[in-house]
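Trainee: Could we go through the pockets of this model together? I would like to begin with how the lining residues are classed.

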Amino acid sequence: MSPVAFDGDMLDWAKAPDGLLPAIVQDASTHRVLMLGYMNRAALAATLASGHVTFFSRSRQRLWMKGEGSGHVLSLVSIRADCDADTLLVQATPRGPTCHLQRTSCFPDAPGDALADLDALIASRSVERPSGSYTTKLFDAGVKRIAQKVGEEGVETALAAVAGDDAELRNESADLLYHLLVVLRARGLGLVDVLETLRDRQG
């Protein structure tokens, strides 16, 4: 894991009650808000040094690495400050449920990226291969069969567009996106790789 660079000296620590700044944690893939914690200088330094999100626990009055007991750590991806330099946005990859109630997020209804959620589910299916799963069946059939399905769904999507059937176009587009994510995963790739290519093109 490459170290994340961030200059903590640019933060407005003078605004921080008891030296603590709020840190909003967001899933780097789905953009779902996972939790809110507080960091002091030491917690920020520990986060940057370890690559695992670490807070200052107000109840325990000590540094606390998220997941230190459960193993459900938050692997650091990036840190950004807000416009006033007194709040942190931490993007991380969760290794298990973030909430102590075994939920993905401490905010039960926090919105996320549906496509990224689907990509994550397909990734888990590629490893676990649960019996009776259509995705498992596709992976077992191999890349050629999955690629064939992508082609079929692409044609059906195009035909729905030409026919002017918006409901069918939405359905076929959803099928196309699903099968495209499956073939990407079968080749060892994922949605994040496609998004990276799109970002490179924007530059």
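Mentor: Ala, Val, Leu, Ile, Met, Phe, Trp, Tyr, Cys and Pro count as nonpolar, Asp, Glu, Lys and Arg as charged, and the others, including Gly, as polar. Please keep in mind that this is a predicted model.

Trainee: On that basis, how many residues of each class line the largest pocket?

Mentor: Its lining has eight charged, eight nonpolar and six polar residues.

Trainee: And how much space lies in the largest pocket?

Mentor: The largest pocket holds about 700 Å³ of space. Its lining consists of 22 residues, of which D27, S29, T30, A116 and A120 are the closest to the centre.

Trainee: Which elements give two or more residues to that lining?

Mentor: They are β6 (88-94), α2 (114-128) and α6 (191-202). The largest share, six residues, is that of α2.

Trainee: Which domains does the lining of the largest pocket draw on?

Mentor: Domain 1 (1-107) and domain 2 (114-202) each supply at least three residues to the lining of the largest pocket.

Trainee: Turning to the second largest pocket, how much space lies there?

Mentor: About 280 Å³. Among the 14 residues lining this second pocket, M35, L36, G37, R58 and W64 are the closest to its centre.

Trainee: Which elements contribute two or more residues there?

Mentor: β2 (33-39) and β3 (54-57) do so. The most comes from β2, which gives four residues.

Trainee: What is the make-up of that lining by class?

Mentor: The second largest pocket is lined by seven nonpolar, five polar and two charged residues.

Definitions and conventions:
Residues are numbered from 1 along each chain as its sequence is written. This is a predicted model: local features need pLDDT of at least 70, side-chain atom pairs count only at pLDDT 80 or more; totals for chains, interfaces and linings use all residues. Side-chain values use heavy atoms; hydrogens and water are left out. On a 1 Å grid over the protein atoms alone, a cavity is a set of points where a 1.4 Å probe fits but cannot get out, and a pocket is an open set with protein on both sides within 12 Å along at least five of seven lines; lining residues have an atom within 4 Å of a point. Grid points are joined across faces, edges and corners, and a volume is the space filled by probe spheres set on the points. Domain bounds come from an automatic or database domain assignment.
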